[in-house]
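Here's a quick briefing to read alongside the model. Have the 3D view open so you can click through the residues as they come up.

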Amino acid sequence: MTATIAASGPLSPCTDKDPTKPDCTLQSTDSTELGFTVRHTGTGRNGTLTIEVTNPDGTAAQSITESKVEADAPRPKLLDTDADGRDELLIPLTVGPGGTEYAVYHATGTEFTRAGEFTTATITSTSDGYTVTAATVPGHTYTFWTYDSDKLIPLLTAEVTNTECAITKAPNLSRTGFTTLSAAQSHFCADPAITN
């Protein structure tokens with residue numbers, strides 16, 4: 001089913017799942033207390049999402065526009081993906097068998113910078129400050145990410161089969177502080193993001 005998106009009336013919180021009211025509002029729970037007004041235009045896979053970010057006093061802080069957003073994609077959300085006390089802005093673009101593809105906006109000060117994209121079924125953060133995405137197609141894979149100069153960088157990917165966990169990709173192992181794959185595997189495969 002393809003929805004046609006239009007705005008009307010007062011906006012509900014983005015946590016409301018009513019697909020007939022895609023425009024919504026978000027409120028950060030971090031120290032910035034920023035507000036977000038989300039508006040959709042367009043249909044099918046060619047939707048455009050515009051987010052107006054406001055300061056606690058109601059003044060404009062930033063305007064964000066994301067194009068090629070599926071009309072039926074879930075609503076944006078705020079989540080502290082790197083355990084630094086600041087919410088990141090996650091904008092769903094499309095939904096597929098491997099999960100939801102998100103545009104990730106990293107928070108720096110009161111500004112949000114588009115850091116990259118990932119596709120995931122779940123998103124968590126670690127005590128080390130990494131972002132963890134999980135996909136179930138194919139298998140169960142967990143990718144650990146970090147932010148570097150407001151860019152989303154994949155560190156490594158672990159695959160879990162039955163009770164075995166192995167790192168299958170490590171494009172940026174050196175950024176983890178581990179010099180060997182076996183040491184990194186012992187650490188990351190024991191992370192609660194995988195074991196819980």
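In what order do the four strands of the open sheet come, and is the pairing parallel or antiparallel? The order is β7-β8-β9-β10, and the pairing is antiparallel. Keep in mind that this is a predicted model. Below we go through that sheet, then the salt bridges, a pocket and a couple of unusual backbone angles.

**The four-stranded sheet**

- Strands of a sheet are held in pairs by backbone hydrogen bonds, in a parallel or an antiparallel arrangement.
- In this open sheet, β7 and β10 sit at the edges, each pairing on one side only.
- Ignoring direction, neighbouring strands here are turned by 30 degrees against each other on average.
- β7 and strand β8 (residues 88-96) run antiparallel and are joined by three bridges. If you want a spot to look at, L78 has L89 in β8 as its bridge partner.
- Strand β9 (residues 99-108) pairs with β10 over nine bridges, again in the antiparallel sense. Along this pairing, A103 stands opposite E117 in β10.
- The hairpin of β9 and β10 has two residues between the strands, and G109 there takes a positive phi near 65 degrees.

**Salt bridges**

- How many salt bridges does a search of the whole structure find? The count is six, and three of the pairs are picked out below.
- R39 and D23 meet through their side chains at 3.9 Å, N to O. R39 belongs to strand β4 (residues 35-43), while D23 is in the loop between β2 (12-13) and β3 (24-27), so this pair links distant parts of the chain, 16 residues apart.
- As for exposure, D23 counts as buried at 4% relative accessibility, whereas R39 is partly exposed with a relative accessible area of 40%.
- E70 and R45 form another salt bridge, with the closest N and O atoms 2.6 Å apart. Because E70 lies in the loop between β6 (60-69) and β7 (77-79) and R45 in the loop between β4 and β5 (47-54), the pair ties together parts that are 25 residues apart in sequence.
- Which side of the E70–R45 pair is buried and which is exposed? E70 is buried, with a relative accessible area of 12%, and R45 is exposed at 59%.
- R114 and E66 make a salt bridge between their side chains at 2.9 Å, N to O. Here the link is between strands, with R114 in strand β10 (residues 111-120) and E66 in strand β6, 48 residues apart.
- R114 is partly exposed, with a relative accessible area of 30%, and E66 is buried, with a relative accessible area of 7%.
- There's a bit more going on around this last pair: salt bridges that share partners join E66, R114 and E117 into one network. You've met E117 already, as the residue in β10 that stands opposite A103.

**The second largest pocket**

- Rolling a probe the size of a water molecule over the atoms is a way to see where empty space is left.
- The second largest pocket holds about 150 Å³ of space.
- Its lining is made up of T119, T133, A134, A135, T141, T143, W145, T157, T168 and K169. β12 (131-135), β13 (140-148) and β15 (164-169) are the elements that give two or more residues to this lining.
- What's the chemical mix of the lining of the second largest pocket? It divides into six polar residues, three nonpolar and one charged.

**Positive phi outside glycine**

- Most residues other than glycine have a negative phi, so the two residues below are worth a look in your viewer.
- K68 has a positive phi, near 60 degrees, and is not a glycine. K68 is placed in strand β6 and is exposed, with a relative accessible area of 64%.
- S149 is another residue that is not a glycine yet has a positive phi, about 50 degrees. S149 lies in the loop between β13 and β14 (151-161), and at 66% relative accessibility S149 counts as exposed.

Notes: Residues are numbered from 1 along each chain as its sequence is written. This is a predicted model: local features need pLDDT of at least 70, side-chain atom pairs count only at pLDDT 80 or more; totals for chains, interfaces and linings use all residues. Side-chain values use heavy atoms; hydrogens and water are left out. On a 1 Å grid over the protein atoms alone, a cavity is a set of points where a 1.4 Å probe fits but cannot get out, and a pocket is an open set with protein on both sides within 12 Å along at least five of seven lines; lining residues have an atom within 4 Å of a point. Grid points are joined across faces, edges and corners, and a volume is the space filled by probe spheres set on the points. Ala, Val, Leu, Ile, Met, Phe, Trp, Tyr, Cys and Pro count as nonpolar, Asp, Glu, Lys and Arg as charged, and the others, Gly among them, as polar. A salt bridge is a side-chain nitrogen of Lys or Arg within 4 Å of a carboxyl oxygen of Asp or Glu. Buried means under 20% relative accessible area, exposed over 50%, partly exposed in between (1.4 Å probe, protein chains only). Two strands pair if DSSP finds at least two bridges between them. Axes are lines fitted to C-alpha atoms, for helices over the stretch in contact, and angles run from 0 to 180 degrees between N-to-C directions.
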